[in-house]
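This report takes up one protein model, beginning with a contact between two side chains and moving outwards to sheets, helices and the chain as a whole. Please keep the sequence and the structure in view while reading.

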Amino acid sequence: MLDTSTNRPELPPEIARRRTFAIISHPDAGKTTLTEKFLLYGGAIQMAGQVRAKGEARRTRSDFMQMEKDRGISVSASAMSFDFGNFRFNLVDTPGHSDFSEDTYRTLTAVDAAVMVIDGAKGVESQTQKLFEVCRLRDLPILTFCNKMDRESRDTFDIIDEIQENLAIDVTPASWPIGMGREFLGCYDMLNDRLELMDRADRNVIAETIQIDGLDDPRLADHVPAHLLEKLQEEVEMAKELLPQLDPQAVLEGHMTPIWFGSAINSFGVKELMDGIGSYGPEPQVQTAQPREIAPEEKKVSGFVFKVQANMDPKHRDRVAFVRMASGHFKRGMKLTHVRTKKPMAISNPVLFLASDRELADEAWAGDIIGIPNHGQLRIGDTLTEGEALRVSGIPSFAPELLQGIRAGDPLKAKHLEKALMQFAEEGAAKVFKPMIGSGFIVGVVGQLQFEVLASRIEMEYGLPVRFEQSQFTSARWVNGERQAVEKFADMNKQHISYDHDGDVVFLTRLQWDIDRVARDYPDVTLTATKEMMV
């Protein structure tokens, strides 16, 4: 692997073999299917289940919520660890649906690279573009997989042009498709001069590889029909002239993306992509934190919570904090300091995830993602260290775009509802605001579908039917400023003020005019649409 900086020491071998990445895409580009195949190749599962497979036996392994199984979409980011060759992959599958983009934004703070999946027929879609912008803000290296080549898809040059233009990143082909749709035979591997042929008969079979010596090798004619061979030779020649060569350093800096073509459902092109992640993906990187950065090779253990998932196991009211290890070699049973509360925590039963299965993690290294079961002590943005007061920064919380009131079907269960809502707020599934005047709660989310998910989860997990009601407010802003100024502001605007689950003051607005009025009349407070998730 390339050394990205001149003066950093070499990473210990165990850390250097880690590759921690997220898969991002527009809904339906085939992200969950690709995740399944990764697990299949990593030897983690014997048989990949398609997202809408019949019967319980072959449900996808990475979607564990009842709603995900019913609808065939992923709504919460799940993490999985498995070995592939000499590498240890930590893969985070993110929701593609834009209503859950906040979960995805936070997940991207915990990975070192992203695999962008695009649909060969549709090219770059809106959600892909949004997620790409977040990767760009963090200079994340990106590897691209163009999926569904076994269906009618667009011209290869068109797809590459569109990525270059829309996303302003150099694209270099790592493989080149032979035919498309029904004629799709496989790919020519441009990095290794190999022919990869797809087996349509069995979707779980690894593609056949034929070693050839360049495009003039006469053996090509034995496997590829003449008209496709001629087109392939012509296109690869053009691609070599027109498109940049693969520059591993430019990939690590986030300026160039290699693109592989394939069909995830037919297990084709997946192994080449995984080899690419091993060869060109980054090792665990330095983590931004206050008051100093955390380097992965440091001896002392540190990590941060980027996601909290409640009730993963419906039989136990458990909450699992997903922790990205930022440095050191963690061993089960270690005592770590919870920086926000300054209290020591003995981590006695950390887990590693394999989709919905989990196993006890005896050890973890920088770059790994482990789950720590807890009863509400850990929140998104919390940092765990061996004593030093470090706080990982840059985990955002966004102002919700939709606000609704919530009522329990049974008024006597208002207390239960409060407990459920607080749990979802800490998980980051929704914002929960307690108005200063009046009773009840206001729930804020990014997309309409989140209300349905919340209602179904509160009913399934707490046995509480709830209903959402229209709210007079349309947006929320956090109030920042000197304490006295904020208190004075809150007193003067009681009907607009509420508190979030951290106790921070929030200004609920009906119109943009309200926000402009505050800027004009209260120069010593500021309203913000995001807040950093830390103490």
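## A salt bridge between two strands

The side chains of R407 and E469 come together in a salt bridge, with 3.8 Å from N to O. Since R407 belongs to strand β25 and E469 to strand β28, the pair ties together parts that are 62 residues apart in sequence. The model is a predicted one, and the distances and areas in this report should be read with that in mind.

Are these two side chains buried or exposed, or something in between? R407 counts as partly exposed because its relative accessibility is 36%, and E469, at 26% relative accessibility, also counts as partly exposed. The strands that carry them are paired as well: β25 (residues 402-408) runs antiparallel to β28, and five bridges join the two. Within this pairing, A408 stands opposite V466 of β28.

## The eight-stranded sheet

Strands β25 and β28 are part of an open sheet of eight strands, whose order is β28-β25-β27-β26-β30-β31-β29-β32 and whose pairing is antiparallel. At the edges stand β28 (466-470) and β32 (525-528), each of which has a single partner strand, so one side of each is left without a neighbour in the sheet. From one strand to the next, the twist averages 40 degrees.

Helix α13 (residues 483-492) packs on this sheet, where it touches β29 (475-481), β30 (497-499), β31 (505-509) and β32, and the direction of α13 makes about 140 degrees with that of β29.

## Helix α14 and its two faces

In helix α14 (residues 512-521), the buried residues are D514, I515, R517 and V518. Because these residues cover an arc of only 160 degrees around the axis, they lie on the same side of α14. The face turned away from that buried side carries Q512, W513, A519 and R520, which are exposed.

What covers the buried residues of α14? The cover includes β29, α13, β31 and β32, and these elements also appear in the account of the sheet, where α13 touches β29, β31 and β32 among its contacts.

## Enclosed elements: α2 and β21

Helix α2 (residues 31-41) has 11 of its 11 residues buried, so this helix is largely enclosed by the rest of the structure. The buried residues include charged and polar side chains as well as others, among them K31, T32, E36, K37, F38 and Y41. They pack against strands β1 (18-25), β2 (78-84), β3 (87-93), β4 (113-119) and β5 (142-147), and also against helix α10 (270-280).

Strand β21 (residues 369-374) is likewise largely enclosed by the rest of the structure, because five of its six residues are buried. Strand β14 (residues 319-327) runs antiparallel to β21, to which six bridges join it, and in this pairing F322 stands opposite G371 of β21.

## Salt bridges within helices, and a network

The structure holds 23 salt bridges. One of them joins E235 to K231, the closest N and O atoms being 3.5 Å apart; the two residues are four apart in helix α8 (residues 226-242), and they are therefore separated by about one helical turn. E235 counts as buried, with 11% relative accessibility, whereas K231, with 42%, counts as partly exposed.

Another salt bridge is formed by K415 and E418, whose closest N and O atoms are 3.4 Å apart. These residues are three apart in helix α11 (residues 414-427), so about one helical turn separates them. K415 counts as exposed, at 64% relative accessibility, while E418 counts as partly exposed at 29%. Beyond such pairs, salt bridges that share partners join E14, R17, R18, D83, R88 and D368 into one network.

## The protein as a whole

The protein contains 14 helices and 33 strands, and 59% of its 535 residues count as buried. Among the contacts with a separation of 6 or more, 71% are accounted for by residues 24 or more positions apart; the salt bridge between R407 and E469 links parts 62 residues apart in sequence. The accessible surface of the protein comes to about 22,900 Å², and 49% of that surface belongs to carbon and sulfur atoms.

Methods. Residues numbered from 1 in each chain as written. Predicted model: local features only at pLDDT ≥ 70, side-chain atom pairs only at ≥ 80, totals over all residues. Heavy atoms only, no water. Buried < 20%, exposed > 50% of the residue type's maximum accessible area, 1.4 Å probe, protein only. Pairing = 2+ DSSP bridges. Axes fitted to C-alpha atoms, helices over the stretch in contact; angles between N-to-C directions. Contact = heavy atoms within 4.5 Å. Salt bridge = Lys/Arg side-chain N within 4 Å of Asp/Glu carboxyl O. Arc of directions from axis to C-beta. Areas by Shrake-Rupley, 256 points an atom, 1.4 Å probe, with all protein chains shown as cover.
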